[in-house]
Amino acid sequence: DNLIENVGVQYFDSSQNCFIQIADVFSNIMYSNLITKGSYQKELKQLQQQMEADSLVLGFINVDNLEEAIQYVDEHKATQITGTIRQSIMEWAKEYKMILRRYRNDRYMMVMNEANYVNVVNDRFKILDTIRHDAAKLDVAITLSMSFARGTSDIMALDEMAFEALE
């Protein structure tokens with residue numbers, strides 16, 4: 001009889017699951033590193049760097065004074081203001097490869113990886129200047145408040161940290 005069939009071992013095709021592939025690679029490198037007494041340190045370091053770059057960052061954007069800016073203007077002007085601000089935020093999010101979801105007229109949630117967050121920081125949160133410029137052209141006093149949470153794989157903790165930082 002076939003030993004695999006007798007013990008009930010089942011194989012899983014990990015070709016479509018990035019996280020399982022990383023775990024497979026990690027376990028193979030760790031095993032090889034142990035067997036060869038540390039000759040895979042370079043590969044382990046690369047894997048660690050990749051895992052850090054891929055770690056989750058959660059953030060929130062609040063469009064400050066949006067409701068006040070559109071409260072007393074006609075419908076056309078209000079649509080122009082919200083459309084311009086929304087478009088700038090969406091283009092910025094796309095440029096930095098983040099997921100952006102609006103959950104209120106003046107609030108957004110962002111999801112990105114650490115590598116993209118580092119790019120946002122290195123570019124000094126240029127969306128703040130973009131919105132300031134847009135608001136000046138529209139003759140309104142709109143700014144953004146943003147918060148980010150990172151450093152843990154616990155999504156609920158990230159949500160709580162980012163939300164508390166915004167409030």
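These legends describe views of a predicted model.

**View 1. The whole chain, with eight helices and four strands.** From the N terminus on, the order of elements is α-α-α-β-α-α-β-β-α-α-β-α. The chain has 167 residues, and 30% of them count as buried. Its accessible surface is about 11,400 Å². Carbon and sulfur atoms contribute 52% of that surface. Take the contacts between residues at least 6 apart in sequence: 61% of these join residues at least 24 apart.

**View 2. Strand 1, residues 56–64, a mostly covered strand.** Of its nine residues, eight are buried. Strand 1 pairs with strand 3 and is also joined to strand 4. The next two views take these partners in turn.

**View 3. Strand 1 beside strand 3, residues 107–113.** The two strands pair in the antiparallel sense. Seven bridges make up this pairing. Gly59 of strand 1 marks one place to look: Met110 in strand 3 stands opposite.

**View 4. Strand 1 beside strand 4, residues 143–149.** These strands, too, run antiparallel. Seven bridges join them. For a close-up, centre on Asp64, which stands opposite Thr143 in strand 4.

**View 5. Helix 7 from end to end, residues 127–138.** The helix holds 12 residues. At 1.5 Å a residue, its expected span is 16 Å. The C-alpha atoms at its ends are 16 Å apart, so the model agrees with that expectation. Asp139 follows helix 7. The phi of Asp139 is positive, near 60°.

**View 6. The buried residues of helix 7.** They are Ile127, Ile131, Asp134, Ala135 and Leu138. Because these residues cover an arc of only 100° around the axis, they lie on the same side of helix 7. The spacing follows a general rule: an α-helix has 3.6 residues a turn, so residues three or four places apart point the same way. What do the buried residues of helix 7 pack against? Their partners are helix 5 (75–95) and strand 4. Strand 4 thus appears here again, having been shown above with its seven bridges to strand 1.

**View 7. The other side of helix 7.** Here Ala136 and Lys137 are exposed. Each has over 50% relative accessible area, the cut-off for that label. By contrast, Ala135 and Leu138 are among the buried residues of the helix.

Methods. Residues numbered from 1 in each chain as written. Predicted model: local features only at pLDDT ≥ 70, side-chain atom pairs only at ≥ 80, totals over all residues. Heavy atoms only, no water. Buried < 20%, exposed > 50% of the residue type's maximum accessible area, 1.4 Å probe, protein only. Pairing = 2+ DSSP bridges. Expected span 1.5 Å × (residues − 1). Arc of directions from axis to C-beta. Contact = heavy atoms within 4.5 Å. Areas by Shrake-Rupley, 256 points an atom, 1.4 Å probe, with all protein chains shown as cover.
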